[in-house]
Amino acid sequence: MNNTGLPVSVLNLAPVRAGFDNRQAIEAMTWLAQQTEQLGYSRYWVAEHHNTPGLVSSATSILISHLLQHTQQIRVGSGGVMLPNHSPLMVAEQYGTLETLYPNRIDLGLGRAPGTDQATAQALRRNPVMESALSFPDDVRTLQRYLGDADKQGFVKAYPGIGTHIPLYILGSSTESAYLAAELGLPYVFAAHFAPRMLESAVAIYRQQFKPSSVLAEPYFILCLNVIAAETDEEADFLATSQQRFFLNVVRNTRLPLQPPKAIAAGEIEPHEQQVLDSMTACTLLGSQATVAEQLDELQRIIKADEIMAVTYIYDQEKQLNSYRLFKQIAEQC
């Protein structure tokens, strides 16, 4: 590997912590971007979610603009724009504007999922949910054209947007998007932080089927996973109880904010719930710096990711930052 080690980045869902309001959640998101920029993280992405009271990341492009205003050089992007929710033209115009204001700092991650429940997805869209999802490959190609050279445009054009060539990344949690990323010769980001089951199959398909393109000569795979690093294994286990309850929200649809760490009592989580939690969080690096380094080394022997994107659900902001600090030190030694 190069002298700087394994590139690492941040994915933030902009959670609302218990006892804090939406503005404070945005302030915490911004502060973490500034701090991880100083640590040398490569990029900082914000995920799109809707109708979720514990997350404030619905207006993703606005948050990205805010982050760009308050940082200096870290790349900022979408992890991702859920493209079926949006017109490709509007995405090209919005992100073309951001690229014009902040040159060479924008990443555009694209997903085919709604980022919400089906009823909310329908409220977001003009077309039926299934129809919108099926149009995803065509929408990606249309977006490539809008952001491409002037001589490749049709009658409808994105102003600004033309000629910006904003880097596109295909996001996925199954093998379907792996085929698309390979076909288009684009970087591929796998969402193992909540859906790790098909990770090995997806990365194998992406690398085997990859076709070189004008933007990428070889496959580039980013693995998104959960990371909770602390001074000791015991502290990390305790901090991870906030993550467990965060995912338990999904299982139970309780829609609570991010909770302070609290030991899980016997019988608090039903066996079937624990099984789902274990499946969702199976791709988690958890423990002391030495333990996480060992886990990462073992994972990399199998996956060989080109970059790791870390999601860290820790209630205490300073402890969350310390986790990112420890993980950056680990990655530098890879």
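**Entry 1: strands 2, 3 and 4**

I began with the pairing of strand 2 (residues 43-46) and strand 3: the two run parallel and are joined by 4 bridges. The model I am reading is a predicted one. I looked for a partner of Val46 in strand 3 and found Ser78. I then followed the chain between these strands. Strand 2, helix 2 (residues 60-69) and strand 3 form a β-α-β unit, and the unit is right-handed.

Next I checked the pairing of strand 3 with strand 4 (residues 106-111). This pairing is also parallel, and it has 5 bridges. Here Val81 stands opposite Leu110 of strand 4. Helix 3 (residues 88-101) connects into the picture as well: with strand 3 and strand 4 it makes a right-handed β-α-β unit.

Is strand 3 enclosed or open? I looked at burial along residues 75-82. Of the 8 residues in strand 3, 7 are buried, so the rest of the structure largely encloses the strand.

**Entry 2: strands 5, 6 and 7**

I moved on to strand 6 (residues 188-191). It pairs in parallel with strand 5 through 3 bridges. Leu171 has Val189 of strand 6 as its bridge partner. Strand 5, helix 7 (residues 175-184) and strand 6 build a right-handed β-α-β unit.

Strand 6 also pairs with strand 7 (residues 221-230), in the parallel sense and over 4 bridges. I noted Tyr188 and its bridge partner in strand 7, Phe221. The β-α-β unit of strand 6, helix 8 (residues 199-209) and strand 7 is right-handed.

Which residues cover the two faces of strand 6? Side chains in a regular strand alternate between the two faces of the sheet. I found Tyr188 and Phe190 on one side, and Val189 and Ala191 on the other. All of these are buried, and both faces are covered.

**Entry 3: rings**

I stayed with Tyr188 and Phe190. The structure holds 10 aromatic pairs. Tyr188 and Phe190 form one that is edge-to-face, at 6.4 Å centre to centre and with 70° between the planes. For Tyr188 I read a relative accessible area of 0%, so the residue counts as buried. Phe190 is buried too, because its relative accessible area is 0%.

I also noted Phe246 and Phe247. Their aromatic pair is edge-to-face, with 5.7 Å between the centres and 85° between the planes. Both residues are buried.

Which residues do ring pairs link into a cluster? I listed Tyr188, Phe190, Tyr206, Phe210 and Phe221. One charged residue went into the notes here: Arg145 lies over the face of Tyr146, 5.0 Å from the ring centre.

**Entry 4: cores**

I turned to the nonpolar side chains. In soluble globular proteins, such side chains tend to be buried together. The largest nonpolar core here has 74 residues, and Leu108, Phe221, Leu223 and Phe327 touch the most other members. Helix 12 (residues 317-332) gives the largest share of this core, 6 residues. Another core lies apart from it, with 20 residues, among them Ala47, Val189, Ile222 and Tyr313.

What does Leu108 touch? Leaving out residues up to four places away in sequence, I found contacts that include Ser78, Val81, Leu143, Leu147, Ile166 and Tyr169. Ser78 and Val81 had already come up in my notes: Ser78 as the bridge partner of Val46, and Val81 opposite Leu110.

**Entry 5: Tyr169**

I followed Leu108 to Tyr169. Tyr169 lies in strand 5 (residues 168-172). Is Tyr169 buried or exposed? I read a relative accessible area of 7%, and the cut-off for buried is under 20%. Tyr169 is therefore buried.

Beyond residues up to four places away in sequence, Tyr169 touches Arg43, Trp45, Asp107, Leu108, Gly109, Leu110, Pro187, Val189 and Ile222. I checked the spacing to Val189. The two residues are 20 apart in sequence, and their C-alpha atoms are 6.8 Å apart.

**Entry 6: Gln122**

Last, I looked at a residue of helix 4 (residues 118-124), Gln122. Its relative accessible area is 36%, so I put Gln122 down as partly exposed. Asn85 is 37 residues away from Gln122 along the chain, and 8.9 Å separates their C-alpha atoms.

Note on methods. Residues numbered from 1 in each chain as written. Predicted model: local features only at pLDDT ≥ 70, side-chain atom pairs only at ≥ 80, totals over all residues. Heavy atoms only, no water. Core = buried A, V, L, I, M, F, W, Y, C linked by side-chain atoms within 4.5 Å. Buried < 20%, exposed > 50% of the residue type's maximum accessible area, 1.4 Å probe, protein only. Contact = heavy atoms within 4.5 Å. Phe/Tyr/Trp six-rings, centres within 6.5 Å; stacked < 30°, edge-to-face > 60°. Lys NZ or Arg CZ within 6 Å of the ring centre and 35° of its normal. Pairing = 2+ DSSP bridges. Right-handed = clockwise from strand over helix to strand, strands pointing away.
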